[in-house]
Amino acid sequence: MAKVPLLKDVLKLIFSKPATIQYPREETPVEPDARGRQYADLSKCIGCSLCMIECPPKAIRMEKIPEGYEVPKRNARKIYPVVDYFKCIYCYRCVTVCPTKAYVVTNEYRLASDAPVNSRELSLSTLKKASQEPSQGEGEG
Amino acid sequence: MTEEVSKADKVVEIPMTVEIPVGPQHPAVHEPILIKVYAEGEYVVKAEAYTGYNHRGVEKLAEKKTFYQDIFLCGRVCGICNTVHADCYVRALEHILNKEPPPRAKYLRTLAMELERLHSHMLILAVTAEIVGFDTLFMHMMRDRELIMKAKEIVTGNRVLADYIMVGGVRRDLNSEKIDKLKKILTKVEPRIRYYWRVFEEDVTLNKRLVEVGRLTPAQVTSHGLLGPVARASGVATDSRYHDAYDAYAEVPFRIVTRKEGDCMARSLVRFEEMQVSLEICRYILNHLPEGEAVPDERRLPRRFPEGEAFTTVEAPRGELTYYVMSKGGVNPYRVKIRTPSYNNIINTVPFYVGHMIADVPAILASYDPCISCMERVVVIDLRKGIRKKVSMRDLAKGEA
């Protein structure tokens with residue numbers, strides 16, 4: 001039985017760079033369109049809750065947009081989706097069912113944290129902060 | 001000394017049957033199944049399988065969720081073969097809706113499933129190498145498997161859980177740039193697979209541990225309903241890709257790989273050859289991808305389903321996977337029945353452990369404390385009369401021997 005030249009392969013690997021990626025210190029290469037963290041762009045969101053209804057693991061909750069933001073008129077109920085990234089399975093069903101294509105997709109995969117991680121701040125950062133007077137006027141309207 | 005011996009009138013000979021639980025923690029593969037092996041000395045005299053450690057109630061949960069949410073749920077029945085599960089379920093939904101996906105989508109589905117077969121076979125072959133004590137080969141194969149995971153990431157957007165298949169097509173398309181990347185990966189992977197194939201064929205350790213071990217005859221395979229590479233390694237040419245010709249398999253040229261030996265080595269080599277066939281299928285698809293739309297607009301898909309039922313099969317990497325989906329109208333399925341090939345293959349091969357050595361039971365025993373639970377019977381030899389009789393341990397304790 002002929003012996004396979006495994007030794008050659010082993011020697012080659014001893015002197016080559018390790019295949020293992022030292023993860024926290026070194027970034028894992030991911031594709032630019034890999035499914036990572038997604039959040040709603042509130043300038044497009046109309047608050048229809050379809051993403052919440054369709055979400056397979058029920059990771060999305062609709063919340064009231066807090067005071068002090070300029071909310072587009074299309075979003076009459078003034079609600080927006082908050083994705084709980086610990087529950088999310090990154091299937092992008094919310095992205096594909098959204099009637100206004102409001103979801104912003106990224107390939108960010110580093111989401112480990114002690115504290116709960118959700119899309120609240122990211123989504124709210126897409127809205128302009130309103131100056132005091134117009135926000136009051138909008139609230140009355 | 002001699003006086004003492006002459007005083008004795010009985011010799012108690014105890015043939016011990018040792019009950020060894022293989023699993024449920026990591027019995028060879030990362031699946032929680034318990035195989036209770038009864039061994040006399042080094043040889044297995046009886047084996048029993050206990051399942052149910054990983055029961056998650058997926059079928060019941062599928063009835064509670066909508067048809068579309070179930071696509072992602074079915075993808076999570078098994079991590080390794082998630083695309084085939086999703087494909088099988090989605091094809092059942094398409095039957096109920098009477099909808100046909102476009103040809104490009106069919107090709108892309110086939111591509112994703114073949115990439116899955118490649119990495120699944122590579123994983124199980126690497127684990128086989130690890131079990132027989134060839135850890136270096138395991139590491140090498142897992143390193144090269146990463147290339148295929150990358151290919152899957154390029155196609156589907158995630159390296160493991162694809163979530164790629166949707167009613168009426170797939171969820172993302174390929175462009176020429178991605179096709180070039182995939183072709184490069186395939187040319188990189190092919191010589192590696194051929195190399196490992198040669199290692200399996202020629203290496204002394206692997207040959208000693210795998211050849212003539214766990215032999216199954218074609219009669220045993222058919223009578224016990226075994227599926228997939230297990231059946232094909234015993235010369236039973238069963239392959240639902242060929243019989244059913246679902247998705248693009250009717251148009252893509254491929255062959256059913258069979259071997260006659262039926263032992264562990266034959267099963268490994270069948271997987272290697274199937275990987276070769278899969279590579280050919282992938283290359284054919286990348287070269288002959290039909291033009292047209294592949295991605296349906298998920299916002300326009302019907303939310304409510306008509307009444308109907310569908311029974312679909314897919315050739316998963318481990319064998320024939322079947323789904324039965326029943327709809328009574330509305331948004332939820334009335335029943336989703338899943339039959340996976342692993343369950344058939346694992347439960348029904350249990351009698352065939354008998355006669356093999358413990359080390360040949362495809363499992364790592366070293367990390368477990370063997371539990372000597374019982375010594376079933378003893379033999380009492382009456383030296384004066386020369387009679388051997390068997391009594392139970394309980395009777396011996398009562399002094400009735």
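## Cavities

In this predicted model, the second largest cavity holds about 70 Å³ of space. Its lining runs to 13 residues, and the ones nearest the centre are A:Gln38, A:Cys55, A:Cys88, A:Cys91 and A:Cys94. Sorted by class, that lining has 11 nonpolar residues, 1 polar and 1 charged.

How many cavities of 30 Å³ or more does a search of the whole structure find? The search turns up 3. The largest cavity has about 90 Å³ of space. Among the 15 residues lining the largest cavity, those closest to its centre are A:Cys45, A:Cys48, A:Cys51, A:Cys98 and A:Tyr103. The split here is 12 nonpolar, 3 polar and no charged.

## Chain A at a glance

Chain A has 141 residues, and 37% of them are buried. Its secondary structure adds up to 5 helices and 4 strands. Going along the sequence, the order is α-β-α-β-β-α-β-α-α.

The surface of chain A also carries a nonpolar patch, made up of A:Leu7, A:Leu11, A:Ile14 and A:Phe15. Together these four expose about 500 Å² of accessible area. One of them, A:Leu11, sits in helix α1, which covers residues 6–14 of chain A. Is A:Leu11 buried or partly exposed? With a relative accessible area of 46%, A:Leu11 is partly exposed.

## A pocket lined by both chains

Next, an open site. The second largest pocket has a volume of about 1100 Å³. There are 34 residues in its lining, and those nearest the centre come from both chains: A:Ala19 and A:Ile21, plus B:Arg143, B:Glu146 and B:Leu147. Two elements give two or more residues to this lining, namely α6 (135–156) and α7 (176–202) of chain B.

Which element gives the largest share of the lining of the second largest pocket? That would be α6(B), with 10 residues. By class, the pocket lining comes to 15 nonpolar, 8 polar and 11 charged residues. Set that beside the largest cavity, where no charged residues are found in the lining.

## Salt bridges in chain B

Side chains of opposite charge can pair when their charged atoms come close. Over all chains, the count of salt bridges comes to 45. A few of those in chain B are worth a walk-through.

Start with B:Arg109 and B:Asp87, whose side chains meet in a salt bridge at 3.9 Å, N to O. B:Arg109 belongs to helix α5 (residues 103–131) and B:Asp87 to helix α4 (residues 82–97), so this pair ties together parts of chain B that are 22 residues apart in sequence. Are the partners buried or exposed? B:Arg109 counts as buried, at 0% relative accessibility, and B:Asp87 is buried too, with a relative accessible area of 0%.

Then there's B:Glu298 with B:Arg171, a salt bridge at 2.9 Å, N to O. Both partners are in loops: B:Glu298 lies between α12 (264–287) and β7 (305–316), while B:Arg171 lies between β6 (169–170) and α7, so the contact links parts of chain B that are 127 residues apart in sequence. B:Glu298 is buried, with 7% relative accessible area, and B:Arg171 counts as buried at 13%.

## A helix-to-loop pair and a network

B:Glu273 and B:Arg255 form another salt bridge, with their closest N and O atoms 3.6 Å apart. Here B:Glu273 is in helix α12 and B:Arg255 is in the loop between α11 (240–243) and α12, so the parts of chain B tied together are 18 residues apart in sequence. How do the two ends compare in exposure? B:Glu273 has 18% relative accessibility, so it falls under the 20% limit for buried. B:Arg255, at 39%, counts as partly exposed.

Chain B also has a salt-bridge network rather than just pairs. Which residues are linked in it? The members are B:Glu114, B:Arg117, B:Arg232, B:Asp239, B:Arg241, B:Glu274 and B:Glu315.

Conventions. Residues are numbered from 1 along each chain as its sequence is written. Chains are lettered from A and ligands numbered from 1 in the order in which they are written. This is a predicted model: local features need pLDDT of at least 70, side-chain atom pairs count only at pLDDT 80 or more; totals for chains, interfaces and linings use all residues. Side-chain values use heavy atoms; hydrogens and water are left out. Patches are made of residues with over 30% relative accessible area and no salt bridge: like charges are joined within 9 Å, nonpolar side chains (Val, Leu, Ile, Met, Phe, Trp, Tyr) within 5 Å. Accessible areas come from the Shrake-Rupley method with a 1.4 Å probe; for residues, only the protein chains shown count as cover. Buried means under 20% relative accessible area, exposed over 50%, partly exposed in between (1.4 Å probe, protein chains only). On a 1 Å grid over the protein atoms alone, a cavity is a set of points where a 1.4 Å probe fits but cannot get out, and a pocket is an open set with protein on both sides within 12 Å along at least five of seven lines; lining residues have an atom within 4 Å of a point. Grid points are joined across faces, edges and corners, and a volume is the space filled by probe spheres set on the points. Ala, Val, Leu, Ile, Met, Phe, Trp, Tyr, Cys and Pro count as nonpolar, Asp, Glu, Lys and Arg as charged, and the others, Gly among them, as polar.
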